[in-house]
Amino acid sequence: MRFTDCEVNPRELSPLNLAFVGDCVYEMLVRESLVCAANRPVNDLHRESVKYVSAAAQTEAFGKIEASLTEEELAVFKRGRNAKVGHSPKSATEAQYHTATGLEALFGWLYLTEQPQRIKELFAIVNN
């Protein structure tokens, strides 16, 4: 499911554009999961969500799904991971930051190629 009707070819977007969208997609998955798990104060939800969307946590998430990825999905991840980000991370290693960018690029690509079921499948693996 897409929220807009704009036409875009995800294969023509830069990996950082994919990661820009994927960051939001991944964050939404985390937030929705937390809200579904318990009705709690927003500050608590925010503190909890940060544990899942940090570069270190996203690196761990990638480790859980890596073996389940198709060749095409892995290629998208690698494009994101290898993209020049232009700045150094503050709270993660360079490797973690690049892996997190790759994960975000993958989720952005899945969203823009309208594969919500695959997004759910991969996120379910992350949550196990």
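Two exercises on helix α3 and the pockets of this predicted model follow, each with a worked solution.

**Exercise 1**

Task: Find which residues of helix α3 are buried, state how they are arranged around the helix axis, and name what covers them.

Solution:

1. Helix α3 covers residues 55-65. Taking buried as under 20% relative accessible area, the buried residues of α3 are A55, A57, Q58, A61, F62 and I65.
2. Looking down the axis of α3, these buried residues fall within an arc of 155°, so they line one face of the helix.
3. The spacing has a general background: an α-helix has 3.6 residues a turn, so residues three or four places apart point the same way.
4. The cover over the buried residues of α3 includes α1 (15-37), α2 (42-53), α4 (71-81), α5 (94-112) and α6 (116-126).

**Exercise 2**

Task: Describe the largest pocket and the second largest pocket by volume, lining and residue class.

Solution:

1. The volume of the largest pocket is about 590 Å³. Its lining has 18 residues, and F3, V25, M28, L29 and Y111 lie nearest the centre.
2. Two or more lining residues of this pocket come from each of α1 and α6. The largest share, nine residues, belongs to α1.
3. By class, the lining of the largest pocket has twelve nonpolar, two polar and four charged residues.
4. The second largest pocket holds about 220 Å³ of space. It is lined by 13 residues, with D23, V53, Q58, Y97 and E104 closest to its centre.
5. Here α1, α3 and α5 each give two or more residues to the lining, and α1 gives the most, with five residues.
6. The lining of the second largest pocket divides into seven nonpolar, three polar and three charged residues.

Terms used
Residues numbered from 1 in each chain as written. Predicted model: local features only at pLDDT ≥ 70, side-chain atom pairs only at ≥ 80, totals over all residues. Heavy atoms only, no water. Buried < 20%, exposed > 50% of the residue type's maximum accessible area, 1.4 Å probe, protein only. Helix = DSSP H or I, 4+ residues; strand = E, 2+ residues; numbered from the N terminus. Arc of directions from axis to C-beta. Contact = heavy atoms within 4.5 Å. 1 Å grid on protein atoms, 1.4 Å probe; cavity = no way out; pocket = protein on both sides within 12 Å on 5 of 7 lines; lining within 4 Å. Points joined across faces, edges and corners; volume = space filled by probe spheres on them. Nonpolar A, V, L, I, M, F, W, Y, C, P; charged D, E, K, R; others polar.
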